[in-house]
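Visitor: I have a structure open in front of me and would like to learn how to read it. Could you walk me through it?

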Amino acid sequence: MKDYNIVTPKEEIRISTKDLSVKYGDKLALHPTTLAFPRHQITALIGASGSGKSTYLRSLNRMNDKIATVEGQILFENVDVNQPKINVFELRKHIGMVFQRPNPFAKTIYENIAYAPRYHGIKDKRQLDEIVEKSLRQAALWNEVKDDLNKSALALSGGQQQRLCIARAIAMKPSILLLDEPASALDPISTGVLEETLVELKKNYTMIMVTHNMQQATRVSDYTAFFQLGKVYEYDKTVNVFTNPQVKLTQDYVEGRFG
Ligand SMILES: Nc1ncnc2c1ncn2[C@@H]1O[C@H](COP(=O)(O)OP(=O)(O)OP(=O)(O)O)[C@@H](O)[C@H]1O
């Protein structure tokens, strides 16, 4: 078997990293990592706890800037966005993020979605209404909440709250969505709905998702990257990683021998 197997997808690439490394203080949490993510596909980041998945994911839209030293390149739309001159608030309009625990604002459902577009200058009520409806439809939540837009988002179930957070992220029309274990706080039924939503969202968005759930990775992702102790050992189509891994460590992990 090989030591590493990192493919470059044949599809159009939407975002990539070149030798991206992350240090917390003196500790190297992510070794130089070079990966390219195909447009309108879902890539799963898998690996044992502490292997560097979230560290890598959060670096892609510069969420680690204040807590870590992030070196190397993040190439998005032909620009290295890991540069001090890049406006990170602007960047995060294009690279949105959904976290592990649903974290809606303590505001109405409507306001959760309208908040960022309004903050970024959209004041017209009709335009905001359209954004709210479209985002909720894309996040497969519209039918459940269309009569309750002025109710508190905190009254929604966990699964609905997580789809609301997805709607909130896509209200800014990002091209990339980063998802950090988006289903880990959800029950199996809500997880199923969320997974269907993600697959549907592939038509419009490129997604990169950390997951601990192997079945979830095989169900929803097109590509999979396997992380171990801050290094990516294997990156390939999901079907290859799970049915024909080229690296022994990957094989042991996907067969459940550790992690
Ligand atoms: N804010 C931080 N400060 C210091 N060390 C950190 C910080 N965040 C993560 N680390 C360390 O970096 C390494 C990678 O952590 P990271 O959270 O990226 O792993 P992970 O694969 O996402 O784990 P999990 O699956 O448990 O979320 C770990 O050793 C972790 O302890």
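Guide: Gladly! Keep in mind that this is a predicted model. Let's begin with a single residue: Leu154 is partly exposed, because it has 14 other C-beta atoms within 10 Å, and a residue counts as buried at 20 or more and as exposed at 12 or fewer.

Visitor: Where does Leu154 lie along the chain?

Guide: Leu154 belongs to the loop between helix H5 (142–145) and helix H6 (158–170).

Visitor: Which residues is Leu154 in contact with, leaving aside its neighbours within four places in sequence?

Guide: Those are Pro104 and Ala106. Take Ala106: 48 residues separate it from Leu154 along the chain, yet their C-alpha atoms are 6.3 Å apart.

Visitor: Now a helix, please. How many residues of H1 are buried?

Guide: Helix H1 spans residues 53–60, and 8 of its 8 residues are buried, so by the same kind of neighbour count H1 is mostly covered. Among them are Lys53, Tyr56 and Arg58. Just after H1, look for Arg62, which takes a positive phi of about 65 degrees.

Visitor: There is a ligand too. Which residues surround the ligand?

Guide: The shell includes Tyr24, Ala29, Gly47, Ile67 and Phe227, along with Lys53, Ser54 and Thr55. H1 gives the most to this shell, with 3 residues. By type, the shell divides into 4 nonpolar, 7 polar and 1 charged.

Visitor: How should I read the pattern of buried residues along a helix?

Guide: Here is the general idea: an α-helix has 3.6 residues a turn, so residues three or four places apart point the same way. Now turn to helix H3 (residues 109–119), where the buried residues are Ile109, Asn112, Ile113, Ala114 and Pro117.

Visitor: What do the buried residues of H3 pack against?

Guide: They pack against helix H4 (125–138), H5 and H6. Just after H3 comes Gly121, with a positive phi of about 110 degrees.

Visitor: At what angle do H3 and H4 pack?

Guide: The angle is about 120 degrees, and the axes are 9 Å apart. That angle makes H3 oblique to H4. The crossing of the two helices is right-handed.

Visitor: Which residues make the contact between H3 and H4?

Guide: From H3 come Tyr110, Ile113, Ala114, Pro117 and Arg118, while H4 brings Leu128, Ile131, Val132, Ser135 and Leu136. Sorted by type, the residues of this contact are 8 nonpolar, 1 polar and 1 charged.

Visitor: Thank you, I'll go and find them on the screen!

Methods:
Residues numbered from 1 in each chain as written. Predicted model: local features only at pLDDT ≥ 70, side-chain atom pairs only at ≥ 80, totals over all residues. Helix = DSSP H or I, 4+ residues; strand = E, 2+ residues; numbered from the N terminus. Contact = placed C-beta atoms within 7 Å. Near = placed C-beta within 6 Å. Nonpolar A, V, L, I, M, F, W, Y, C, P; charged D, E, K, R; others polar. Axes fitted to C-alpha atoms, helices over the stretch in contact; angles between N-to-C directions. Parallel < 35°, antiparallel > 145°, perpendicular 65-115°, else oblique. Left-handed = near helix turned anticlockwise from the far one by under 90°.
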